[in-house]
Amino acid sequence: MATFNFKIITPLKIVLEKEVERVILRTIEGDMGILPNHAPFVAELAIGEMKIKSTSEELKFFVAGGFLEIKDNNVVILADDAMDAKDIDIEQAKKEVEIAKAKLVKLKEDRDIAVTQRALEASLTKVKIAENLK
């Protein structure tokens, strides 16, 4: 099957660089699939799971926002945060959920509430992805 170049970059490092056959990810407008020879496209990413299929394996990643660019059979993900689902510490993610829930009860400012709700959503997504790996 045909492939395309795929790269995930965070502010700290290149998380993945690989030839792949298919990617399924979540944008702010919904889930989308990417196959070779996709039309040029730019989208904002939502917090969610990304499934990557190569000739030898299928990988799952957690992605916490960012942007996607598709151009000339190259797909670049500029993510706020991204990690291989196998590297998620489920106990730590569950602790982060509890901390965020406790913090939300006490907050009054809209901006603080929005930031904490985003952290809660990211932690809940990590827990869900990690539990689905079992």
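In this predicted model, Lys7 is found in strand S1. Its relative accessibility is 25%. Lys7 therefore counts as partly exposed, since buried means under 20% and exposed over 50%. Beyond residues up to four places away in sequence, Lys7 touches Ile14, Leu16 and Glu17. Lys7 also touches Val75, Val76 and Ile77. A separation of 13 Å was computed between the C-alpha atoms of Lys7 and Lys53. These two residues are 46 residues apart along the chain.

The largest nonpolar core contains 22 residues. Within this core, Phe6, Met50, Ile52, Leu68 and Ile77 touch the most other members. Seven strands each supply at least two of its residues: S1 (4–9), S2 (14–20), S3 (22–27), S4 (30–34), S5 (41–53), S6 (58–71) and S7 (74–79). Strand S6 gives the largest share, 5 residues. Apart from this core lies another, of 9 residues. Among them are Ala64, Ala85, Ile90 and Ile129. In soluble globular proteins, nonpolar side chains tend to be buried together.

Met50 illustrates the contacts of one core residue. With neighbours within four places in sequence left aside, Met50 is in contact with Phe6 and Ile8. Further contacts of Met50 are with Val23, Ile24 and Leu25. Leu59, Lys60, Phe61, Val63 and Ile77 complete the list for Met50.

Residues 83–110 carry the annotation "coiled-coil region" in an unreviewed UniProt entry. In the model, this span is 64% helix and 7% strand. Its end C-alpha atoms lie 29 Å apart.

How values were computed:
Residues numbered from 1 in each chain as written. Predicted model: local features only at pLDDT ≥ 70, side-chain atom pairs only at ≥ 80, totals over all residues. Heavy atoms only, no water. Core = buried A, V, L, I, M, F, W, Y, C linked by side-chain atoms within 4.5 Å. Buried < 20%, exposed > 50% of the residue type's maximum accessible area, 1.4 Å probe, protein only. Helix = DSSP H or I, 4+ residues; strand = E, 2+ residues; numbered from the N terminus. Contact = heavy atoms within 4.5 Å. UniProt positions renumbered as here; feature names shortened; annotations may be inferred.
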